[in-house]
Amino acid sequence: MSGKHKYTKRDNFSSKFGVIAAAVGSAVGLGNIWRFPYVAGENGGGAFLLIYLGFIIVLGIPLMLTELMIGRKAQLSIFGAFRRLAPGTPWSLVGLMGVVAAFMILSFYSVVAGWTLEYAYIALRNGFADKSPLEIREMYNGIVEAKWKPVILMFFFLITTAFIVRSGVKNGIERYTKMLMPLLLVIIILLNIRALSLDGATAGLVFLFNPDFTVINKDVVLEALGQAFFSLSLGMGVMATYGSYIKKGESLGQTAISVSIADSLIAILAGMAIFPAVFAFGIDPGDGPGLVFVTLPGIFNQMAGGYFFALIFFLLLVIAALTSAISLLEVTVAYFVEELRLTRKRATTVATVAMIALGFLCAFYDGVFDFFDSISANVLLPLGGLLLVVFVGWFLGREVVRQELEADGKVAKYFYVFVFVIKFIAPFAITIVFLHNLGLL
Ligand code: TRP
């Protein structure tokens with residue numbers, strides 16, 4: 001079959017480390033370093049973390065495995081994958097939804113990524129140093145509400161992303177994530193060493209690790225599930241697209257587990273860098289989205305070595321955002337290459353131009369930003385996740401599933417557990433979240 005297909009010379013990840021770097025690069029993003037700490041902060045810390053980790057294990061890993069499997073089996077990105085695996089059915093619409101979601105997420109994601117560029121630049125020229133907390137908040141509001149500046153920053157960010165994606169899977173995505181992810185790890189460890197050596201750091205650790213279950217309610221649980229999906233880049237075909245570049249001999253189960261562990265670890269390390277500092281300086285951890293952009297610069301100002309740590313912190317955010325944006329852009333580029341028969345370079349240009357246009361709308365109109373944000377996180381991702389597990393659980397056929405799970409030549413002992421989860425548990429849990437997000441539950 002593959003002989004007849006035009007894309008037999010498919011670009012692949014060349015090594016196991018390359019697969020992990022790219023997939024962890026996708027998963028570890030603003031979701032881990034910006035969103036996780038403030039959402040955990042707003043939802044009680046330790047108890048939220050525990051529920052979040054529970055969801056990663058029970059739903060996140062199986063769903064990631066599901067996506068990887070679809071992509072690798074089909075050897076096509078998400079839209080083509082459904083067409084090949086379920087020809088003549090409406091399933092390919094799910095793939096199309098993934099592409100649309102990728103467009104929406106990347107357009108507002110690049111706007112936030114643009115702020116991180118601005119922050120890295122301010123940190124570099126020591127621009128926070130003489131500012132009071134109030135002035136820092138005004139700076140943040142100024143950056144977010146300005147009109148043209150965020151557009152320009154978003155533009156730069158997308159061009160950088162496009163530069164990497166257009167160089168290909170092996171020579172672009174793999175090459176850069178293999179350099180950037182180790183750097184990210186080093187930075188976050190340095191930040192941890194600094195934060196944990198502050199006087200009063202323990203209170204932050206207690207907040208993060210000591211669960212207080214009295215704060216848990218339905219909303220917190222659902223928030224934790226949404227965060228788990230977003231953080232693992234699930235529900236719209238990023239992992240399916242990356243899966244299509246993984247060689248047959250690699251174990252998908254191992255990949256899904258390693259990526260999920262790495263992603264959770266980075267979220268926890270981000271929390272361990274931020275909360276000790278927040279508590280040491282007597283600040284409210286439930287500060288919301290401004291936690292990283294308003295609270296932290298104020299803290300860095302008061303900290304010995306603050307200039308250096310502010311700089312590497314915002315550099316960390318830029319790297320995290322970049323490697324995630326790469327994966328989002330790749331979904332649409334792969335789609336254009338396969339469906340419109342464009343060369344990779346041309347497909348990247350088309351996708352990037354379209355993305356810049358949408359990003360412009362997000363940067364310029366808050367309403368568009370909020371709409372894209374909420375429709376993708378609350379509707380498209382859970383719906384996509386649901387349809388993906390239903391597809392593999394009920395339509396793909398057990399033999400295909402087993403084949404993909406055991407492609408590395410080892411018996412997948414977890415086969416029945418996996419099938420049970422994706423047939424029953426995952427669809428049920430995701431449906432509940434979905435209905436809640438729509439306000440129906
Ligand atoms: N996971 C990334 C983060 O934590 C964001 C992201 C990249 C994403 N690709 C995605 C989210 C696909 C949902 C779907 O920041």
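Let's start with what surrounds the ligand: the shell is made up of 10 nonpolar and 8 polar residues, with no charged ones. Keep in mind that this is a predicted model.

Who gets nearest? Of the 18 residues around the ligand, the nearest are Ala27, Gly31, Tyr109, Phe230 and Ser233. Five helices each give at least two residues to this shell: helix H1 (16-27), helix H2 (30-42), helix H5 (92-124), helix H10 (218-231) and helix H14 (306-339).

Now for the polar side of things. Backbone atoms of Ala27, Phe230 and Ser231 pair up with atoms of the ligand, as the table shows.

| Residue | Protein atom | Ligand atom | Distance |
|---|---|---|---|
| Ala27 | backbone N or O | oxygen | 2.9 Å |
| Phe230 | backbone N or O | nitrogen | 2.8 Å |
| Ser231 | polar backbone atom | nitrogen | 3.1 Å |

How much of the ligand does the protein bury? On its own, the ligand would expose 360 Å², and the protein buries 100% of that. As for where the ligand is found, it sits in the largest cavity.

Stepping back to the whole chain, you'll count 18 helices and 0 strands. The radius of gyration is 21 Å, close to the 22 Å that the globule rule gives for 441 residues, so the chain is as compact as a globular protein of that length. If you'd like to picture its extent, the C-alpha atoms fill a box of roughly 65 × 45 × 40 Å along the principal axes.

To put it in a nutshell, the chain has 18 helices and 0 strands, and the ligand sits in the largest cavity, with no charged residues in the shell around it.

How values were computed
Residues are numbered from 1 along each chain as its sequence is written. This is a predicted model: local features need pLDDT of at least 70, side-chain atom pairs count only at pLDDT 80 or more; totals for chains, interfaces and linings use all residues. Side-chain values use heavy atoms; hydrogens and water are left out. A residue is near a molecule or strand if one of its heavy atoms lies within 4 Å of it. A polar contact is a pair of N or O atoms within 3.5 Å; within protein, one must be able to donate a hydrogen and the other to accept it, and residues adjacent in sequence count only if both atoms are side-chain atoms. Accessible areas come from the Shrake-Rupley method with a 1.4 Å probe; for residues, only the protein chains shown count as cover. On a 1 Å grid over the protein atoms alone, a cavity is a set of points where a 1.4 Å probe fits but cannot get out, and a pocket is an open set with protein on both sides within 12 Å along at least five of seven lines; lining residues have an atom within 4 Å of a point. A molecule sits in a cavity or pocket if more than half of its atoms lie within 2 Å of its grid points. Helices (H or I, at least four residues) and strands (E, at least two) are DSSP runs, numbered from the N terminus. Ala, Val, Leu, Ile, Met, Phe, Trp, Tyr, Cys and Pro count as nonpolar, Asp, Glu, Lys and Arg as charged, and the others, Gly among them, as polar. The radius of gyration is taken over C-alpha atoms; the globule rule is 2.2 Å times the number of residues to the power 0.38.
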